Structure formats: C-alpha cells, structure tokens
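The exercises below are meant to be worked with the sequence and the model side by side. Each task is followed by a solution that proceeds step by step.

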Amino acid sequence: NNLASGLSDRYSRTGRLADLEAARASYEKACQLGLESSPEEALRSSRNWGHWAFEREDWDEAVHAYGYGVQALEQLLQSQVGWIGQESRLRDASGLSPRLSFAHAARGRLREAVEAMEWGRARLLAEALEAERADLARLPALGRRQVYEHYRAAQARVAVLRSQLTQSQTPILASQSPPRT
C-alpha cells in the first residue's frame with residue numbers, strides 16, 4: 001500500500017506511465033494479500049486505490065479497487081464481536097458504497113450503481129439492528145427480565161405471522177372482494 005501510494009503520488013507529479021502501471025500493480029497486490037492475511041490492510045489499500053482512480057475518473061479501475069474493499073469489509077464485519085468494533089470498521093469504510101455506486105453510474109451501469117448503494121445501506125441497517133438486539137439481550141442482567149420476555153414473545157409472534165404469510169398460497173388481499181363497478 002505504501003509503495004503504491006508513493007508511486008501514485010509520483011505519477012501525479014510526473015505523468016510517467018510506468019509509475020501508473022506500477023502503482024496499479026502494487027495496489028492490486030496489497031489488496032490481494034490483505035484479503036488473505038489482513039482485511040484491515042485490504043480495506044485501506046482498496047480505499048486508497050479507489051480514491052486515486054476516482055480522482056483520475058478511471059471508473060473501471062475504481063469499481064475494481066472498491067470491489068476489494070467490499071470483500072474486506074464483509075470479512076471484517078463477520079469477524080467483529082461487538083458493535084464498537086463493527087462501528088469502527090463501518091467508519092473506516094465510509095464513502096465506499098457511494099463512490100462505488102457513482103463509479104458504476106459513470107460507466108453507465110445503473111443497475112450495479114443502485115445495487116452498490118443499497119448494499120451499503122443494507123449493511124448499515126443490519127449492523128444497527130444487530131446492535132439493538134445485543135442491547136435487548138442485556139435487559140435481564142439489568143433487572144428488566146419482564147420487558148425482555150415481552151420482547152421475545154412479540155418476536156415469536158412476528159416469526160409465526162411471517163411463516164404463515166410465506167406458506168399461504170393465496171395473496172393476503174385475495175380474500176377481499178373486488179370493488180363493485
């Protein structure tokens with residue numbers, strides 16, 4: 001990552017194509033090795049590479065670079081136990097989803113742009129919901145067992161209703177009569 005950053009800086013100053021290619025290759029290697037051994041470094045390298053490609057308006061390269069960041073972030077979030085660690089990782093990856101989305105849109109790939117944006121939003125929502133569940137699980141230890149039991153009962157009822165909806169062969173509104181004309 002550091003070598004790639006130095007080479008990209010030198011390319012920005014000199015315009016030497018050899019530096020451009022060497023920086024790309026170094027970023028690629030940093031991302032690949034990072035995914036194998038240090039997802040934090042893969043995320044950092046991906047972000048640096050993606051931002052550099054973004055500045056140069058090389059949208060294909062930006063999509064490629066940010067793709068490593070998505071992989072690294074998924075690895076990191078799966079390995080984090082607590083919300084604080086996950087929140088830190090999400091903060092480290094801020095801007096990844098919108099920039100990836102923009103790069104897809106700039107390439108004329110609108111479906112991928114929407115998917116990238118929605119992936120980021122869904123990831124944030126999933127992590128927030130998980131944090132709330134962890135907070136609710138602490139209620140019995142805080143002397144609020146009855147509140148927790150009410151929550152669990154409501155959660156079980158929602159699960160039953162969802163199950164009934166998915167098993168139903170007829171749509172919910174099919175039982176209603178159509179309006180008379």
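**Exercise 1. State which residues of helix H3 are buried, and describe the helix's length and what follows it.**

Step 1. Within H3 of this predicted model, the buried residues are Pro39, Ala42, Leu43, Ser45, Ser46, Trp49, Gly50, Trp52, Ala53 and Phe54.

Step 2. The helix covers residues 39–55, which is 17 residues, and its first and last C-alpha atoms are 24 Å apart, close to the 24 Å expected at 1.5 Å a residue.

Step 3. After H3 comes Glu57, which has a positive phi, near 60°.

**Exercise 2. Work out how the aromatic rings of H3 pair with rings elsewhere, starting from the pair of Tyr27 and Trp52.**

Step 1. Over the whole structure, a search gives 7 aromatic pairs.

Step 2. One of them joins Tyr27 and Trp52, with 6.0 Å centre to centre and 45° between the planes; because stacked pairs need planes under 30 degrees apart and edge-to-face pairs over 60, the pair counts as tilted.

Step 3. Since Tyr27 belongs to helix H2 (residues 17–37) and Trp52 to helix H3, the pair ties together parts that lie 25 residues apart in sequence, and both residues are buried.

Step 4. Phe54 and Trp59 form another pair, edge-to-face, at 5.1 Å centre to centre and with 80° between the planes; Trp59 counts as buried because its relative accessibility is 17%, where the cut-off is under 20%.

Step 5. Ring pairs also link Tyr11, Tyr27, Trp49, Trp52 and Tyr68 into a cluster.

**Exercise 3. Which arginines lie over the faces of Trp52 and Phe54?**

Step 1. Over the face of Trp52 lies Arg56, at 3.8 Å from the ring centre.

Step 2. Over the face of Phe54 lies Arg99, at 4.6 Å from the ring centre.

**Exercise 4. Is Ser26 buried or exposed, and which residues does Ser26 touch?**

Step 1. Ser26 is located in helix H2, and with a relative accessible area of 17% it is buried.

Step 2. Leaving aside residues up to four places away in sequence, Ser26 touches Leu3, Ala4 and Leu7.

**Exercise 5. Decide how residues 169–181 should be read, given their pLDDT.**

Step 1. The protein chain has an average pLDDT of 79, and 70% of the residues score at least 70.

Step 2. Over residues 169–181, however, pLDDT stays under 50, and the model has 1 contact beyond four places in sequence for them.

Step 3. Where pLDDT is low, predicted coordinates should not be read in detail.

Terms used: Residues numbered from 1 in each chain as written. Predicted model: local features only at pLDDT ≥ 70, side-chain atom pairs only at ≥ 80, totals over all residues. Heavy atoms only, no water. Helix = DSSP H or I, 4+ residues; strand = E, 2+ residues; numbered from the N terminus. Expected span 1.5 Å × (residues − 1). Buried < 20%, exposed > 50% of the residue type's maximum accessible area, 1.4 Å probe, protein only. Phe/Tyr/Trp six-rings, centres within 6.5 Å; stacked < 30°, edge-to-face > 60°. Lys NZ or Arg CZ within 6 Å of the ring centre and 35° of its normal. Contact = heavy atoms within 4.5 Å. pLDDT = per-residue confidence, 0-100.
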